[in-house]
Amino acid sequence: MNENALKLEARLEAVLFAFGRPIRLASLAELFDEDPENIRIALEMLEGNLQTPASPAGGRGLRLQRNGEEVRLVSAPEAHEEIEKLSKKERVGELTKAAE
């Protein structure tokens, strides 16, 4: 495994996580001053690592989502119940504050 690819994979993961929206592969290649093929390889590595179980109990909580020439990090579908509960709790808390 290429050390530079690992570094690129980690940097891609950080950017995708922080940005929170789909990003075009061409934009990532430009951002990292990398050949688009290197971006694709690093994204494949990231995707594989996100799908690898972190422990015998289960996999990771994020997934790489692809849509044509765009990618982004999303939460694992298996975590939707907890995310929905927290989202509802936060919305109710905001409504309660406004009503006070």
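The following paragraphs describe the fold, the nonpolar core, helix H3 and the salt bridges of a predicted model.

The protein chain contains four helices and three strands, and along the sequence these elements follow the pattern α-β-α-α-β-β-α. Of the 100 residues in the protein chain, 21% are buried. When contacts between residues at least 6 apart in sequence are considered, 44% of them join residues that are at least 24 apart.

The largest nonpolar core comprises 16 residues, and those with the most contacts inside it are Leu 12, Leu 16, Leu 28, Ile 39, Leu 43, Leu 64 and Val 71. At least two residues of this core are supplied by each of helix H1 (3-19), helix H2 (25-31), helix H3 (36-51) and strand S3 (70-75). Helix H3 provides the largest share, with five residues. Leu 64, one of the core residues with the most contacts, touches Leu 16, Leu 43, Leu 46, Glu 47, Leu 50, Val 71, Arg 72 and Leu 73 when residues up to four places away in sequence are not counted.

The geometry of H3 was examined against the expected span of a helix. At 1.5 Å a residue, the 16 residues of H3 should span 22 Å, and the end C-alpha atoms of H3 lie 23 Å apart, which agrees with that expectation. The buried residues of this helix are Ile 39, Ala 42, Leu 43, Met 45, Leu 46 and Leu 50. Because these residues cover an arc of only 160 degrees around the axis, they are placed on the same side of H3. Glu 44 and Gln 51, on the other side of H3, are exposed. For Glu 44, the relative accessibility is 52%, and this residue therefore counts as exposed, the threshold being over 50%. Glu 44 and Leu 64 are separated by 20 residues in sequence, and their C-alpha atoms are 9.1 Å apart in space. At the start of H3, a side-chain oxygen of Asp 35 comes to within 2.8 Å of the backbone nitrogen of Glu 37.

The segment that precedes H3 was considered next. Ala 29 is located in helix H2 and is buried, with a relative accessible area of 7%. Although Ala 29 and Ile 39 are ten residues apart in sequence, their C-alpha atoms are 6.2 Å apart in space. Apart from residues up to four places away in sequence, Ala 29 touches Glu 34, Pro 36 and Ile 39. In the loop between H2 and H3 lies Asp 33, whose phi is near 50 degrees, a positive value in a residue other than glycine. Most residues other than glycine have a negative phi. Asp 33 also counts as exposed, at 72% relative accessibility.

Salt bridges were then examined, and the count comes to four. In one of them, Glu 69 pairs with Arg 40, with the closest N and O atoms 3.5 Å apart. This pair links distant parts of the chain, since Glu 69 lies in the loop between strand S2 (62-67) and S3 whereas Arg 40 belongs to helix H3, the two residues being 29 residues apart. Glu 69 is partly exposed, with a relative accessible area of 37%, and Arg 40 is likewise partly exposed, with a relative accessible area of 31%.

Helix H3 also takes part in a salt bridge between Arg 66 and Glu 47, in which the closest N and O atoms are 3.3 Å apart. Distant parts of the chain are again linked, with Arg 66 in strand S2 and Glu 47 in helix H3, 19 residues apart. Arg 66 is partly exposed, with a relative accessible area of 37%.

A further salt bridge joins the side chains of Glu 78 and Arg 63, with an N to O distance of 3.2 Å. Glu 78 lies in the loop between S3 and helix H4 (80-99) and Arg 63 in strand S2, so this pair ties together parts that are 15 residues apart in sequence. Glu 78 is exposed, with a relative accessible area of 60%.

Key
Residues are numbered from 1 along each chain as its sequence is written. This is a predicted model: local features need pLDDT of at least 70, side-chain atom pairs count only at pLDDT 80 or more; totals for chains, interfaces and linings use all residues. Side-chain values use heavy atoms; hydrogens and water are left out. A nonpolar core is a set of buried Ala, Val, Leu, Ile, Met, Phe, Trp, Tyr and Cys residues joined through side-chain atoms within 4.5 Å. Buried means under 20% relative accessible area, exposed over 50%, partly exposed in between (1.4 Å probe, protein chains only). Contact means heavy atoms within 4.5 Å. The expected span of a helix is 1.5 Å times one less than its number of residues. The arc is that of the directions from the helix axis to the C-beta atoms. A polar contact is a pair of N or O atoms within 3.5 Å; within protein, one must be able to donate a hydrogen and the other to accept it, and residues adjacent in sequence count only if both atoms are side-chain atoms.
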